[in-house]
Amino acid sequence: MPARFLRLTLLISLLLISSQSLLAEAPLKIGDRRELFIDKGLVDSLSGQVDIRLQHPTPQEVVFKFDKPWEGSSSGYHTIIQDGDLYRLYYRGSHIIVSEGKLNTGSHKTVYCYAESKDGIHWTRPELNIVEFKGSKKNNIILEGRGSHNFAPFKDENPDCKPDARYKALAGLQHEGGLFAFQSADGIHWKLMQEKPVITKGAFDSQNLAFWDSDQKTYRTYFRIFTKGVTTAKEWKPEGDRAIRTATSDDFINWKNEVDLTYEDSPSEQLYTNQVKPYHRAPHLRIGFPARYIERGWSESMRALPDPKRRKMRASSVERYGTAISEGLLMVSRDGVHFKRWNEAFLRPGIERTGTWQYGHQFIAEHVVETKSALRGAPDELSIYAAEDYWHGKGGSLRRYTLRLDGFTSVHASMKGGELLTKPIIFDGSKLSLNFATSAAGGIRVEIQSAEGKAIPGFTLTECAELFGDTVDRKVTWNEKADVSSLQGKPVRLRVQLKDADLYSFQFQK
């Protein structure tokens, strides 16, 4: 009897191991969606001198200065929406006076403002005549009072969305009762969806976001919590680290499935904002730009700030926030809960200069948008916006940064080269397009294999024309033919050989 039991146990174990192996190799159905190498979701192996490399945005011009009477040095929590041919900028108008070791937040009431642009670079403040400020409505203020600290709007892409709620937002602080739901028909005139807050358990002292998740067909929110302590309207005892929680809703009013974010191979860190949203070119990827809040000792350069008045300002901010510094990170999720967070900084504080290496610097706006390149004939690029000179002077500013399309990370190979092998995938389409860059001497070749790893005749490395150049959309050819339709619907792998090259994304196109 014990021997039979042992044999039965061994058989069951072998079956379980076999079934787990089969499940692990189950092909990923990617259809014709664009896939980025921002995580290892599709990567089976990397060999040779190849790795997945974090890219960094290129600083461009300051596009906005918060210098109006209703704005000021603590204008922040920016949201940028690309709405057809119009770019919409939402931001808090507030001013903190820092002097002689004290913070005075009462210089004027906190409001929320709106600006717009035709190119994402040159912005105007429309005269909206909605909210009165110091006796006049000739301003671009859209909201005052409840929710005006951290208003975070979005355009609702839900196909069943009613016209009078085409734009929605979450906003509110714990002492106001929690997060409230707002709606608007035009993105400018707003009203509450109900008088009661829709989420009450959390810290909320940050930019708390929401959007329609077209991949999972639900509304999703990301909001601030603390890992320890109590944060409710009745009791406020935040302890532990600043962290992020998510929840979903069918109607934007009733929220459920609350869960704290988890991370792959990342330490516990203070994350001030989250800035998560589906990437518009690959909506199944939810990309976030959280601000990392970190305490550091003063560097010699900080001690040697040239302006004595600025040294006092720095000293007073230290008194409240310690030696706090902030910078932008990058993270991505395929399910909305578990994230790959790059532990290296995505947007560093940068070269030391006035208004940098301090609290509030490099808080990235929510979210990335597509803009025209300054290079004639070049494709569009991504624009990312981040705060600068926060808490100092008469008003802070917003600087634009750029990346190539899909250029958050890349599969990077040195001149010695190496290979990428994907997990088994099932695609729809007739052509394979790559977004890549090489040196003049570098190159890329692609082989399509069976799920078992055998090269498919007609699609081998030797039959593939080497790709070189720098483009966001180049078709792969084998024997001078690009048609891969005979393989669609079948489990295949991509074997990519690279030399002095960066591969950013790929897509099977119809």
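What follows is a walk through one sheet, two loop residues, some salt bridges and the cysteines of this structure. Keep in mind that the model is predicted.

Let's start with the sheet. Four strands make up an open sheet, and reading across it you get the order E4-E29-E28-E27, with antiparallel pairing. The edges belong to E4 and to strand E27 (369-371), each of which pairs on one side only. If you ignore direction, neighbouring strands in this sheet are turned against each other by 40° on average.

Now zoom in on the E28 part of that sheet. Strand E28 (residues 381-388) runs antiparallel to strand E29 (residues 397-404), and eight bridges join the two. To find your place in the ladder, pick Ala-386: its bridge partner in E29 is Arg-399. Turning to E27, you'll find three bridges joining it to E28, again antiparallel. Here a handy landmark is Thr-371, which stands opposite Glu-381 in E28.

How covered is E28? Mostly: eight of its eight residues are buried. In a regular strand, side chains alternate between the two faces of the sheet. You can follow the two sets in E28: Glu-381, Ser-383, Tyr-385 and Ala-387 point one way, while Leu-382, Ile-384, Ala-386 and Glu-388 point the other way. Both sets are buried, and each of them includes a glutamate, Glu-381 in one and Glu-388 in the other.

From the sheet, go to a loop that follows one of its edge strands. Ser-75 sits in the loop between strand E4 (58-65) and strand E5 (79-83). Is Ser-75 buried or exposed? It counts as buried, because its relative accessibility is 3%, and the cut-off for buried is under 20%. Its side chain reaches the backbone oxygen of Gly-72 at 3.1 Å. Setting aside neighbours within four places in sequence, Ser-75 is in contact with Phe-66, Arg-92, Gly-93, Ser-94 and Tyr-390.

A second loop residue worth a look is Glu-269, placed between strand E20 (262-264) and strand E21 (270-271). At 19% relative accessibility, Glu-269 counts as buried. Which side chain does Glu-269 join in a polar contact of 2.9 Å? That would be the side chain of Arg-341. Once neighbours within four places in sequence are left aside, the contacts of Glu-269 are Asp-241, Arg-242, Arg-292, Leu-329 and Arg-341.

Next come the charged pairs. The count of salt bridges comes to 32, and a few of them are worth clicking on. Take Lys-155 and Asp-83, whose side chains meet with an N to O distance of 2.6 Å. This pair links distant parts of the chain: Lys-155 is in strand E12 (residues 152-155) and Asp-83 in strand E5, 72 residues apart. The two ends differ in cover, since Lys-155 is partly exposed with a relative accessible area of 28%, whereas Asp-83 counts as buried at 11% relative accessibility.

Another salt bridge has Glu-144 and Lys-109 as its ends, with the closest N and O atoms 2.6 Å apart. This pair also links distant parts of the chain, with Glu-144 in strand E11 (residues 141-144) and Lys-109 in the loop between strand E8 (102-104) and strand E9 (111-117), 35 residues apart. Here Glu-144 is partly exposed at 38% relative accessibility, and Lys-109 is partly exposed at 36%.

For a salt bridge between residues close in numbering, try Arg-53 and Asp-51, whose side chains meet at 3.7 Å, N to O. Arg-53 has 37% relative accessibility and so counts as partly exposed; Asp-51, at 31%, is partly exposed too. Beyond pairs, there is a network of salt bridges that links Arg-33, Glu-35, Asp-39 and Arg-334.

Last stop: the cysteines. How many disulfides does the structure hold? Zero. A disulfide is a covalent bond between the sulfur atoms of two cysteines. Among the cysteines you can inspect, Cys-113 counts as buried at 0% relative accessibility, and Cys-161 counts as buried at 9%.

Definitions and conventions:
Residues are numbered from 1 along each chain as its sequence is written. This is a predicted model: local features need pLDDT of at least 70, side-chain atom pairs count only at pLDDT 80 or more; totals for chains, interfaces and linings use all residues. Side-chain values use heavy atoms; hydrogens and water are left out. Buried means under 20% relative accessible area, exposed over 50%, partly exposed in between (1.4 Å probe, protein chains only). A polar contact is a pair of N or O atoms within 3.5 Å; within protein, one must be able to donate a hydrogen and the other to accept it, and residues adjacent in sequence count only if both atoms are side-chain atoms. Contact means heavy atoms within 4.5 Å. Two strands pair if DSSP finds at least two bridges between them. Axes are lines fitted to C-alpha atoms, for helices over the stretch in contact, and angles run from 0 to 180 degrees between N-to-C directions. A salt bridge is a side-chain nitrogen of Lys or Arg within 4 Å of a carboxyl oxygen of Asp or Glu. A disulfide is a pair of cysteine sulfur atoms within 2.5 Å.
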